[in-house]
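Colleague: Could you walk me through this one? I'd like to get better at reading folds from the model itself.

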Amino acid sequence: MGLTKSKYCQGTLCRKNLWLNEFKSDLLLGQEIDDSKIKTGMLVGAEAVNYFDSTVSTEVIFEFDGDMCRVDILSEEDGYIDIYEVKSSTGIKDTYFQDVAYQYYIIKNSGANIRSINLMYLNNQYTRVGDLDYKKLFNVEDLTEIAISMEHEVEMGLKEYKQVLLK
């Protein structure tokens, strides 16, 4: 059984919740999906592509060993790729490190040459004057070193969470 990024990240937060969500989702209270958050995320993601001066790809899927992830934005140059995970938040949350580490692990092991993996989020200090300035609207943080440092953790987590889902 392969994992998605969502299931992997859910496993990092709570293994029991991962199992319940897979096999007994009707027992989970207060776990309803907030449609407004999803819509906001989609709107922010759609606007984020305007940050780039060159053509980028969106929603690119990578797979390794049955596990998969979908990249928000991918930029390619000289045989290397830069990955951008877009968040509608105005800061970096600890859970985002797991998110990008999982993506880095899957993408790297699928054979892609990664130059960087980045987190892109809204700049709450930006005030619009005139035309929208996408370079100021978004903050971009390079999390490549963090993702690399978490590779072993991701590999062990994948094994553990797959075992949880086999029970």
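Colleague: Let me start with a single residue: in which strand does glutamate 59 lie?

Modeller: Bear in mind that this is a predicted model. Glutamate 59 lies in strand E1. Its phi is near 55 degrees, a positive value in a residue other than glycine. As for exposure, glutamate 59 is partly exposed, at a relative accessible area of 42%.

Colleague: Which residue in the loop between E1 and E2 has a positive phi although it is not a glycine?

Modeller: Aspartate 65, with a phi of about 55 degrees. It sits in the loop between E1 and E2. Aspartate 65 counts as exposed, because its relative accessibility is 57% and the cut-off for exposed is over 50%.

Colleague: Now the sheet. How do I read the strand order?

Modeller: The general idea is that strands of a sheet pair through backbone hydrogen bonds, either parallel or antiparallel. Here you have an open sheet of five strands in the order E1-E2-E3-E4-E5, and the pairing is mixed. E1 (57–64) and E5 (138–142) stand at the edges with a single partner strand each, so one side of each has no neighbour in the sheet. Ignoring direction, neighbouring strands are turned by 40 degrees against each other on average.

Colleague: In what sense do E2 and E3 pair, and over how many bridges?

Modeller: Strand E2 (residues 67–77) and strand E3 (residues 80–86) are antiparallel, with five bridges. If you want a place to look, isoleucine 73 stands opposite tyrosine 84 in E3.

Colleague: Which helix packs on the sheet, and which strands does it touch?

Modeller: That's H4 (residues 94–109), which touches E1, E2, E3 and strand E4 (114–122). The direction of H4 makes about 80 degrees with that of E2. H4 has 16 residues and reaches 24 Å from its first C-alpha to its last, close to the expected 22 Å. Just after H4, glycine 111 takes a positive phi of about 105 degrees.

Colleague: And how should I look at the faces of a helix?

Modeller: An α-helix has 3.6 residues a turn, so residues three or four places apart point the same way. With that in mind, go through the buried residues of H4, which include Tyr96, Val100, Gln103 and Ile107. Polar ones such as Gln98 and Asp99 are among the buried residues as well.

Colleague: What makes up the largest nonpolar core, and which element gives it the largest share?

Modeller: The core has 26 residues, and those with the most contacts inside it include Phe62, Ile81, Tyr102 and Leu158. E2, E3, H4, E4 and helix H7 (151–166) each supply at least two of its residues. H4 gives the largest share, eight residues. Apart from this core lies another one of 14 residues, among them Tyr51, Phe52, Ile73 and Tyr134.

Colleague: What does phenylalanine 62 touch beyond its sequence neighbours?

Modeller: Its contacts include Met68, Val71, Leu74, Ile81, Ile106 and Ala112.

Colleague: One last residue: is threonine 144 buried or exposed?

Modeller: Threonine 144 is buried, because its relative accessible area is 8% and the cut-off for buried is under 20%. You'll find it in helix H6 (residues 144–149). The side chain of threonine 144 makes a polar contact with the side chain of aspartate 142, at 2.5 Å. Leaving aside neighbours within four places in sequence, threonine 144 is in contact with Tyr104, Arg115, Ser116 and Ile117.

How values were computed: Residues numbered from 1 in each chain as written. Predicted model: local features only at pLDDT ≥ 70, side-chain atom pairs only at ≥ 80, totals over all residues. Heavy atoms only, no water. Pairing = 2+ DSSP bridges. Helix = DSSP H or I, 4+ residues; strand = E, 2+ residues; numbered from the N terminus. Axes fitted to C-alpha atoms, helices over the stretch in contact; angles between N-to-C directions. Contact = heavy atoms within 4.5 Å. Buried < 20%, exposed > 50% of the residue type's maximum accessible area, 1.4 Å probe, protein only. Polar contact = N/O pair within 3.5 Å; in protein donor to acceptor, adjacent residues only side chain to side chain. Expected span 1.5 Å × (residues − 1). Core = buried A, V, L, I, M, F, W, Y, C linked by side-chain atoms within 4.5 Å.
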